[in-house]
Every structure is written in C-alpha cells, then in structure tokens.
Amino acid sequence: MGFEPPQRLVRALGRTYGRTAAAEWLDRLPELLPGALEQAGLTAERVVAPGGRSSLVVLVPAAALKLAPPAARPDLERDALAHWNGWGTVKLLGEAGEGGLLLERLHPEVSLRSLPEAKALLEAADTIRKLWVTPPAGHGFETVAARTERQAGLMASYQADADAGTLVTAALSARAELLAGTEAGTGTTAGADAGSGPGSDETFLLHGAFRQGKVLAGDRSPWLAVGPEPLVGERAYDLARLVRDRVEDLVAASAGASTARRRVNKLADSLEVDRERLRGWTLFRAVESATRALTAGLRADAELLLEFAGWL
C-alpha cells in the first residue's frame with residue numbers, strides 16, 4: 001500500500017522527538033505497515049487523516065491498526081487497554097508487527113468535539129469516570145509524580161522568561177504543594193489506596209491525555225476513549241486537561257475567565273474531585289503545555305495557554 005503519512009503526524013512527531021528521530025521512524029513506515037498487515041492477515045482500506053499526533057492509524061476490515069514509534073510506548077497503551085478491556089475505551093483486539101495494536105473500529109471522524117460544549121463535557125465526564133480503576137498488579141506505568149518531575153525540569157528553564165516566568169513559577173509551586181504527601185516526591189505514594197478520598201494518595205489508572213478529541217463515537221457504546229498515555233495517580237491530574245478543552249473559544253469569549261473557573265468547579269463537583277487540587281493540576285498542565293509550545297516555536301499556541309493559566 002503506497003501512502004504518505006499525514007502531515008499533522010509528521011509535524012507533531014518532529015516537535016516531540018526531534019526531526020531526526022521522527023524521520024527515522026517515518027522512513028521505516030513503508031516497511032512496518034505492510035509487515036504488520038501481513039502478520040495480522042489484513043488489508044488496508046485507508047489511512048485516517050488528519051489522524052493523531054503520535055501514531056499512524058489505518059482502517060482495516062472491521063478494525064483499525066495503530067502504529068506508534070517505540071518512544072510513544074505502545075506497550076504501555078496495550079497494557080492499559082487490556083486492563084480496561086473495553087470499559088469506557090476502545091477494545092484491544094490484538095497486536096500486529098512492531099509497535100502495532102489492532103483495535104476495535106470506531107468512527108474517527110466523530111469525536112466529542114462535534115457536540116455542543118455543554119453536552120460534550122457531560123459525555124466526557126461520564127467516560128473518564130469509567131477509566132478510573134485500580135491498576136493491575138505489577139504494572140509498569142509511570143506515576144503522576146514521576147512524569148511531572150521530568151516536565152518540571154524542562155519548565156524550570158522558562159522561569160526567567162519575560163512572558164511565561166511568573167506563571168511557570170506558580171505552576172511549579174502548585175505541583176510541589178500537590179505532591180507534598182508523596183514519598184521523596186518521586187511517585188511512590190504513602191498509604192496508596194485506589195478507594196481513598198481526594199488527595200495525592202490516590203493510585204488510580206489514568207488515561208493521561210484525556211480530552212474531548214480523545215473520545216470517539218462507537219457502535220458498541222456511544223462514546224469510547226482512545227489514545228491513552230497511561231500512568232497512575234490521582235484523578236484530578238487526569239481531569240485537568242479536559243478543563244481547558246476548546247481553549248481558543250474560551251480566550252475569545254468575553255466571559256472566558258469566569259467560564260473557565262466555573263468549569264473547574266463543575267467538573268470537580270460532578271466527579272467528586274477536590275476543587276483546589278483540580279485547579280492546581282489544571283494550572284500546571286496548561287503552563288507545561290505552554291512551555292512545550294514555546295520550545296517548538298509555537299508562540300501563538302503558548303500565548304493562548306498562558307492567558308488561560310493566568311485565569312486560574
């Protein structure tokens with residue numbers, strides 16, 4: 001099958017892993033894809049475009065084949081999907097080739113972003129609630145503390161930035177306060193219990209990248225989550241990315257700031273998450289995304305995120 005990888009994927013991989021590393025994997029795709037199809041005994045119908053930002057998705061009869069570079073850790077996505085076993089998520093059907101996952105076929109052109117905002121948030125909340133389960137024994141998932149420690153190290157270089165510095169400092173302080181109860185701040189939680197109340201001692205399996213665009217229409221269930229970047233930790237971290245969905249609309253609205261704060265409270269209350277912890281993680285994740293955008297030269301994106309973060 002001759003194909004060109006979607007340009008959104010090419011650009012996103014370059015920003016995430018560097019152009020050289022991204023090009024190495026993209027150059028191998030003409031070999032990886034046929035090999036995965038042959039191993040699974042499948043034929044390709046079409047590449048999903050514009051598709052995702054971390055993987056190539058190819059529709060095959062009654063399923064979808066997802067190929068991701070090793071750095072994206074498709075093995076961890078496989079383990080998380082296997083544990084969820086279709087409860088709120090796309091169902092894992094098997095593996096194919098190097099880093100290839102064979103998945104239940106959904107409707108990639110229809111995500112929660114196609115719904116009016118209020119309805120989309122309701123459906124998103126219902127979906128993410130299903131994902132918060134006890135992680136499997138002996139899992140290899142990263143913790144919230146460990147992932148954000150790496151991110152905080154990169155963010156710190158922007159503390160002297162004229163535009164982002166104040167918010168970077170605030171976000172780093174918020175993270176430190178949120179993780180004050182973890183052992184050595186590295187992600188091993190004291191008294192961890194998946195049934196515990198709000199706080200950093202929660203150890204749920206989390207989606208890790210949950211937002212409206214990561215929830216697609218399905219046949220088995222109306223809405224199913226896709227594309228996890230799984231980790232373990234507290235629910236407020238997982239919910240934080242959803243708070244800023246459609247950030248461009250929020251920033252453009254005259255009441256954007258008050259709407260964002262109400263969204264924090266509404267989502268926290270509806271999912272029984274502590275409001276202040278959700279606000280803190282929303283601040284951290286928004287500023288972290290802004291510093292990555294600055295690093296990638298995407299100043300307009302960074303400015304949107306920083307304005308949103310300033311409201312919190």
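**Exercise 1. What percentage of the 312 residues in the chain do buried residues make up?**

Solution. Begin with the basis of the values: this is a predicted model, in which local features need pLDDT of at least 70 and side-chain atom pairs count only at pLDDT 80 or more, while totals for chains, interfaces and linings use all residues. Residues are numbered from 1 along each chain as its sequence is written, and side-chain values use heavy atoms, with hydrogens and water left out.

Next, fix the term: a residue is buried under 20% relative accessible area, exposed over 50%, and partly exposed in between, with a 1.4 Å probe and protein chains only. By that cut-off, buried residues make up 52% of the 312 residues.

**Exercise 2. Describe the overall fold and extent of the chain.**

Solution. Count the elements first: the chain holds 11 helices and 13 strands, where helices (H or I, at least four residues) and strands (E, at least two) are DSSP runs numbered from the N terminus. The radius of gyration, taken over C-alpha atoms, is 19 Å, close to the 20 Å that the globule rule (2.2 Å times the number of residues to the power 0.38) gives for 312 residues, so the chain is as compact as a globular protein of that length. Along the principal axes, the C-alpha atoms fill a box of roughly 50 × 40 × 40 Å.

Then turn to contacts, meaning heavy atoms within 4.5 Å: of those in the chain with a separation of 6 or more, 69% are between residues 24 or more positions apart.

**Exercise 3. Work out the strand order and the edges of the five-stranded open sheet.**

Solution. Two strands pair if DSSP finds at least two bridges between them. On that basis the order is β1-β2-β3-β5-β4, with antiparallel pairing. At the edges stand β1 (46–47) and β4 (92–95), each with a single partner strand, so one side of each is left without a neighbour in the sheet.

Now follow β1 to its partner: it pairs with β2 (residues 56–60) in the antiparallel sense over two bridges, and the bridge partner of Val47 is Val58 in β2. The loop between β1 and β2 contains Pro50, which a cis peptide bond with omega of about 5° joins to Ala49.

**Exercise 4. Carry out the analysis for the open sheet of three strands.**

Solution. The order here is β7-β13-β10, and the pairing is mixed. Because β7 (142–143) and β10 (204–206) each have a single partner strand, they stand at the edges, and one side of each is left without a neighbour in the sheet. The pairing of β10 with β13 (residues 231–233) is antiparallel and runs over three bridges, with Gly233 of β13 as the bridge partner of Phe204.

**Exercise 5. Which residues other than glycine, Asn85 and Arg246 among them, have a positive phi, and where do they lie?**

Solution. Take Asn85 to begin with: its phi is near 50°, and Asn85 is found in the loop between α3 (74–84) and β4. Arg246 has a phi of about 60° and lies in the loop between α7 (235–243) and α8 (247–252); at 12% relative accessibility, Arg246 counts as buried.

**Exercise 6. Is Arg175 buried or exposed?**

Solution. Locate the residue first: Arg175 is found in helix α6 (residues 165–178). Its relative accessibility is 12%, so Arg175 counts as buried. Finally, relate this position to the five-stranded sheet through Val58 of β2: Arg175 and Val58 are 117 residues apart along the chain, and their C-alpha atoms are separated by 38 Å.
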